[in-house]
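Biologist: Could you take a close look at the side-chain pairings in this model for me? I'd like the salt bridges and the aromatic pairs in one connected walk-through.

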Amino acid sequence: MDIKREDLLRLFYYLKLTRRLEDRVTSLYHQGKILGGAWTSNGTEAVSVGYGYALEKNDIAAPYFRDMGVFLIRGITAKRIMAQYLGKKTGVTGGKEGNVHVGDLQYGVFGFPSHLADNYPVGAGAALAFKIRGEKRVVAACTGDGGTSRGDFHEGMNLAAVRKLPIVFICNNNQYAYSTPLKLQMAINNVAERALAYGMPSKIVNGNNVMEVYTAAKEAYETARNGGGPTFIECKTMRMHGHSEHDSAKYVPRELLEEWKKKDPILHMETYLMENQIAKKEELDGIDLQVQKEIEEAEAFAEESPYPEPEEVLKGLYATPIEE
Ligand SMILES: Cc1ncc(C[n+]2csc(CCOP(=O)(O)OP(=O)(O)O)c2C)c(N)n1
């Protein structure tokens with residue numbers, strides 16, 4: 001699939017925005033300014049940016065907590081994310097929660113149910129609704145490799161395959177589920193082999209190549225949109241930070257990290273764009289400067305924003321019953 005220059009540069013922009021935003025959050029976390037924890041996607045940004053960018057406006061994303069790229073692409077701004085991390089009223093949850101277990105239906109983003117891999121059955125439910133209503137919309141639902149070892153993974157995959165639902169299942173295979181390496185949680189070499197058991201087509205992509213993720217997702221969305229049913233996409237990548245920023249990940253061999261450092265997704269994209277004469281270094285540096293400015297503005301916005309009022313604590317916790 002040929003990706004237009006304009007889209008290639010947008011993909012690069014979102015990779016940079018995701019990395020710089022999370023790097024800043026990491027820094028604020030170590031300064032004690034973040035309320036709660038900070039889970040980042042460092043090294044795996046091409047997964048969320050690739051599958052998020054391939055969605056259409058009316059589609060639904062069910063991202064998990066390492067999918068910052070999806071939030072940003074769908075329109076949940078860096079300002080709102082930063083305010084979210086600082087527990088401010090202007091954050092996505094209005095200061096009720098501190099990290100990215102968030103969503104916003106206005107932008108077609110489901111709130112992340114923390115229980116892994118609940119995104120799969122939740123996404124399958126939305127896809128079933130689209131199918132029943134005859135809407136040409138698709139769902140992209142994501143989980144980590146560890147999530148695929150759970151029962152909710154099975155339920156979501158099975159329902160989607162049996163009912164040929166318009167959903168694409170993304171797996172961010174970053175080699176570790178917290179401190180558990182892949183080989184200690186599954187007896188297969190590729191997570192994608194699990195799809196076979198459900199009669200579902202699957203694809204394995206280089207999760208550090210944003211163009212590969214984007215292309216595979218785009219093709220799978222079109223299949224799903226046209227009644228062809230679900231696809232499972234395994235994105236092979238490597239989590240370069242700890243499970244969250246409190247974790248130094250001492251259990252990961254340093255040589256493994258050194259090896260994956262060379263395959264960094266941003267470095268990969270930058271090299272591709274320059275070697276293929278799609279963009280010069282100055283243009284890419286310009287994009288990076290724009291991103292840095294955006295992050296500074298987001299932080300200033302979050303710092304200046306107020307905390308929520310105590311009386312707001314119960315607002316929005318429960319659905320308002322419809323009067324009969
Ligand atoms: C059902 C369930 N068990 C445990 C947790 C706590 N937990 C959150 S993330 C995580 C590791 C998940 O690993 P993986 O699915 O591979 O995703 P990754 O963190 O590597 O991106 C765990 C154990 C949870 N959220 N849900």
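Modeller: Sure, here are the salt bridges, then the rings, then a few single spots.

Keep in mind that this is a predicted model, where local features need pLDDT of at least 70, side-chain atom pairs count only at pLDDT 80 or more, and totals for chains, interfaces and linings use all residues. Residues are numbered from 1 along each chain as its sequence is written, and side-chain values use heavy atoms, with hydrogens and water left out.

Let's begin with charges. A salt bridge here is a side-chain nitrogen of Lys or Arg within 4 Å of a carboxyl oxygen of Asp or Glu, and the structure holds 19 of them. Take Glu299 and Arg24: their closest N and O atoms are 2.5 Å apart. Glu299 sits in helix H11 and Arg24 in helix H1, so this bridge ties together parts that are 275 residues apart in sequence. (Helices are DSSP runs of H or I with at least four residues, strands are E runs with at least two, and both are numbered from the N terminus.) As for cover, buried means under 20% relative accessible area, exposed means over 50%, and partly exposed is in between, with a 1.4 Å probe and protein chains only. Glu299 has a relative accessible area of 14%, so it is buried, while Arg24 counts as partly exposed because its relative accessibility is 26%.

Next up is Arg225 with Asp59, whose side chains meet in a salt bridge at 2.8 Å, N to O. This pair also links distant parts of the chain: Arg225 is in helix H8 and Asp59 in the loop between H2 and strand S1 (60–62), 166 residues apart. Both Arg225 and Asp59 are buried.

Then there's Lys89, bridged to Glu312 with the closest N and O atoms 3.2 Å apart. Here the link runs from the loop between helix H4 (78–85) and H5, where Lys89 sits, to Glu312 in the segment after H11, and the two are 223 residues apart. Lys89 is partly exposed because its relative accessibility is 36%; Glu312, with a relative accessible area of 16%, is buried. To round off the charges, Lys16, Arg20 and Asp288 are linked in a network of salt bridges.

The segment after H11 (281–304) is also the place of Val313. Val313 has 54% relative accessibility, so it counts as exposed. Together with Leu314, Leu317 and Tyr318, Val313 forms a nonpolar patch on the surface, with about 490 Å² of accessible area together. Patches are made of residues with over 30% relative accessible area and no salt bridge, joining like charges within 9 Å and nonpolar side chains (Val, Leu, Ile, Met, Phe, Trp, Tyr) within 5 Å. The areas come from the Shrake-Rupley method with a 1.4 Å probe, and for residues only the protein chains shown count as cover.

Now the rings. Rings of Phe, Tyr and Trp (its six-membered ring) pair if their centres lie within 6.5 Å; planes under 30 degrees apart count as stacked, over 60 as edge-to-face and the rest as tilted. The structure holds 12 aromatic pairs. One of them is Tyr53 with Tyr214, a tilted pair at 5.9 Å centre to centre and 45 degrees between the planes. It links distant parts of the chain, with Tyr53 in helix H2 (residues 45–53) and Tyr214 in helix H8 (residues 210–225), 161 residues apart. Tyr53 and Tyr214 are both buried.

Tyr120 and Phe153 make another tilted pair, with 5.5 Å between centres and 40 degrees between planes. Tyr120 belongs to helix H5 (residues 119–133) and Phe153 to helix H6 (residues 151–162), so parts 33 residues apart in sequence are tied together. Both of these residues, Tyr120 and Phe153, are buried. They also belong to one aromatic cluster with Phe169, Tyr198 and Phe232.

Charges meet rings as well. A charge sits over a ring if NZ of Lys or CZ of Arg is within 6 Å of the ring centre and within 35 degrees of the ring normal. The charged end of Lys88 sits over the ring of Tyr307, 4.8 Å from its centre, and Lys263 lies over the face of Trp260, 3.9 Å from the ring centre.

One last spot is Ser41, in the loop between helix H1 (5–30) and H2. Ser41 has 0% relative accessibility, so it counts as buried. Leaving aside neighbours within four places in sequence, Ser41 is in contact (heavy atoms within 4.5 Å) with Thr18, Glu22 and Arg66.
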